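I have a fresh notebook page and a structure that is new to me. Come along while I look a few things up.

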Amino acid sequence: MHVRTLSGLPHLESTVVATGIARFGSPETACGLWIQPHNLPRQTSQTDFQVALIVMLVSLSAGGDTHAMNIPSFCCSWLRHSTLAASFALSFAVGSLAALAHGDEPRPPATRPPNVVLIVADDLGYRELGCFGQEKIRTPRLDALASEGMRLTRHYAGNAVCAPSRCVLMTGKHPGHAIVRDNKSTPPEGQYPIPAAEVTLAELLHDAGYATGAFGKWGLGGPGSPGEPLRQGFDRFFGYNCQAHAHSYYPDYLWDNDRRIRLENDPAVPGHAGLADGADPADPRSYDAFKGCDYAPDRIYEAALAFLRAEKDGPFFLYYPSIIPHVALHIPDDELTPYLELGWNDPPFTRTGGGYTPHFTPRAAYAAMISRLDREVGGILDELDTLGVADNTLVIFTSDNGATHLNDEVDVDFFASVGELRGLKGSLYEGGIRVPAIVRWPGHVAAGSESPFISGFEDWLPTILEAAGCGADIPAEVDGLSLMSQITEDNVPGLPGSQRPFLYREFAGYGGQQCVLAGRWKAIRQQLRKGPAPTELYDLEADRSEAHDVAAEHPNIVKRLEALMTREHTPSSTFPIAGLGDELPAR
Ligand SMILES: [Ca+2]
């Protein structure tokens with residue numbers, strides 16, 4: 001059932017929920033449907049009237065308070081004491097709610113569909129923003145965004161590394177069902193492509209009349225493949241098609257739609273290289289080889305702003321998958337200054353062989369990169385203001401996976417990048433997949449709010465489609481849930497149904513892993529590429545750091561979550577996991 005939010009009648013919603021529960025035990029049993037009234041169709045005068053009538057009748061039949069409804073007292077008295085009236089009220093209410101929830105009378109949205117800005121950082125850890133507990137890195141614009149909207153404190157990236165996470169985001173399918181389940185290069189450039197038959201968020205919005213633009217790093221199909229962004233619903237693309245190409249912030253080309261454009265880096269600065277033979281690691285000049293002059297994020301940012309200006313009449317969908325703060329540590333020197341002034345003990349990150357390029361002040365570089373991303377986000381928000389569209393734009397900010405595990409490059413302990421969480425990028429422990437998430441939508445999402453609802457990347461497709469007024473277009477095979485009832489001001493906390501049944505993750509990489517989150521519990525298995533593996537169980541309410549495996553104490557919970565793990569994994573011959581029964585390709 002695809003449902004949308006009813007705004008403007010919060011007091012009536014509360015009343016109908018309260019009376020529904022009082023009369024029937026729960027809203028579900030009231031109508032044999034999942035009916036929370038804020039899931040009814042969007043406001044129209046006719047709908048408002050119907051809902052108001054339903055509220056009145058249900059409330060009266062259940063002995064509810066009528067004072068707030070301005071109903072003449074003699075009517076109340078008559079209705080309250082009339083068995084016939086109560087029966088009529090209930091049958092009418094049930095029938096009407098069911099009809100509304102089923103959308104028997106589809107109506108166009110009363111307001112213009114909102115623009116959508118979806119910003120995805122690359123390898124940004126759960127605690128790397130001030131509004132998520134970071135103490136060293138300055139992120140004033142993102143902190144302000146959070147104060148204007150909602151923080152989702154239990155939001156999970158699609159997966160523990162880039163490509164499979166982005167596939168979940170674009171298709172709304174969880175990783176046991178999505179087509180891309182690991183990073184897999186496809187020479188000469190790009191990653192394993194999303195097939196043409198897959199339906200993406202961009203395609204759905206494009207079909208709904210949105211101008212669609214992607215600016216940043218793609219990673220879901222090389223140039224010319226079925227997965228390239230222009231064949232997956234984007235009218236406009238600018239940036240890196242390939243993840244490996246994005247390891248350098250000073251490349252000698254980027255993609256402008258299906259055309260390569262040159263950048264003024266001659267030669268390109270490599271993402272992977274060591275200090276020159278004989279170079280003195282204590283001399284800052286030894287690191288000059290890893291500096292360029294044409295910084296790709298500048299180009300990407302400017303292209304995104306140009307898209308906003310061109311499409312300001314809307315509706316538009318701006319997808320902004322930044323390459324920041326993924327290593328290599330490439331940042332213009334002048335942006336280091338605010339952090340160099342802090343006098344951190346910042347020993348050089350040196351390297352003589354392969355791997356990501358060295359940096360003379362790696363802590364300052366990493367912090368400056370995140371502050372740079374913060375400024376870009378601020379610039380995009382400023383542009384929305386300048387264009388006069390901020391009030392009708394849904395802005396979402398999140399990260400594609402946890403902070404990097406490359407401790408030589410990034411001192412994640414110094415920054416407490418994932419705080420108390422266990423694991424980093426590449427792991428299905430919390431630190432690898434739990435990411436910061438912020439939603440702003442003026443007039444819909446309460447400023448300064450937060451939600452502990454368990455949510456994931458698969459939820460953005462249905463959420464955005466519902467916000468766009470296209471809830472009926474959400475493909476049946478989508479696994480995500482619309483978060484609309486969780487993020488909007490109509491949300492009534494603590495209602496039945498506010499708990500997600502489960503969230504599933506699997507990852508064919510880093511040994512093969514699988515986890516499922518259900519309420520306070522998390523079951524996780526490691527090393528599944530070798531074969532079957534034991535299940536660990538953690539109580540995340542008591543043990544956020546996943547330090548105490550309590551599987552032995554709760555065999556029934558383990559059994560239940562293992563059954564979910566089995567059920568949610570669909571076989572993949574491209575990304576097989578032996579321990580889950582997938583057939584491995586012949587050698
Ligand atoms: Ca990433």
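Which residues is Ser 482 in contact with, leaving aside its neighbours within four places in sequence? I looked this up first and found Pro 462, Thr 463 and Glu 466. Contact here means that the C-beta atoms of two residues, placed from the backbone, lie within 7 Å.

**Ground rules.** I note that this is a predicted model, where local features need pLDDT of at least 70, side-chain atom pairs count only at pLDDT 80 or more, and totals for chains, interfaces and linings use all residues. Residues are numbered from 1 along each chain as its sequence is written.

**Around Ser 482.** I placed Ser 482 in the loop between H14 and H15. Helices (H or I, at least four residues) and strands (E, at least two) are DSSP runs, numbered from the N terminus. I checked the surroundings of Ser 482 and found 24 other C-beta atoms within 10 Å, so this residue is buried. The cut-offs are 20 or more other C-beta atoms within 10 Å for buried, 12 or fewer for exposed, and partly exposed in between, with C-beta atoms placed from the backbone. I also looked at Ser 482 and Glu 466: they are 16 residues apart along the chain, and their C-alpha atoms are separated by 7.1 Å.

**Helix H14.** Glu 466 took me to H14, where Trp 460, Leu 461 and Pro 462 are among the buried residues. I found 8 of the 8 residues of this helix (residues 460-467) buried, so H14 is largely enclosed by the rest of the structure. What do the buried residues of H14 pack against? My list has strand E1 (115-121), H7, H8, strand E9 (393-399) and helix H15 (484-487). Just after H14, I saw that Gly 469 has a positive phi of about 85°.

**Helix H11.** Next I turned to H11, which covers residues 362-386 and has 25 residues. From first C-alpha to last it reaches 36 Å, close to the expected 36 Å; the expected span is 1.5 Å times one less than the number of residues. I noted that 19 of its 25 residues are buried, so H11 is largely enclosed by the rest of the structure. Gly 388 follows H11 and has a positive phi, near 75°.

**Two partners of H11.** Two packed helices are described by the angle between their axes and the distance between the axes. Axes are lines fitted to C-alpha atoms, for helices over the stretch in contact, and angles run from 0 to 180 degrees between N-to-C directions.

I began with H9 (residues 296-310), which packs on H11 at about 15° with the axes 10 Å apart. That makes H9 roughly parallel to H11. Angles under 35 degrees count as roughly parallel, over 145 as roughly antiparallel, 65 to 115 as roughly perpendicular and the rest as oblique. On the H9 side I listed Pro 297, Tyr 301, Ala 304, Leu 305 and Leu 308, which meet Glu 376, Gly 379, Ile 380 and Glu 383 in H11. By class, this contact of H9 with H11 has 6 nonpolar, 1 polar and 2 charged residues. Ala, Val, Leu, Ile, Met, Phe, Trp, Tyr, Cys and Pro count as nonpolar, Asp, Glu, Lys and Arg as charged, and the others, Gly among them, as polar.

Then I looked at H6 (residues 140-148), whose axis comes within 7 Å of the axis of H11 and crosses it at roughly 50°. That makes H6 oblique to H11. Pro 140, Arg 141, Leu 142 and Leu 145 in H6 meet Asp 374, Arg 375, Val 377, Gly 378 and Leu 381 in H11. I split the residues of the H6 contact with H11 into 5 nonpolar, 1 polar and 3 charged.

**Backbone oddities.** Most residues other than glycine have a negative phi, and most peptide bonds are trans. I went looking for exceptions.

- A cis peptide bond joins Pro 187 and Pro 188, with omega about 5°; Pro 188 lies in the loop between H7 (162-171) and H8 (201-207).
- Another cis peptide bond joins Asp 266 and Pro 267, omega again about 5°; Pro 267 lies in the loop between strand E7 (259-262) and H9.
- Asn 257 has a positive phi, near 55°, and is partly exposed, with 13 other C-beta atoms within 10 Å.
- Glu 546 has a positive phi of about 50°, and counts as buried with 20 C-beta neighbours inside 10 Å.

**Whole protein.** Last, I jotted down 16 helices and 17 strands, with buried residues making up 52% of the 587 residues.
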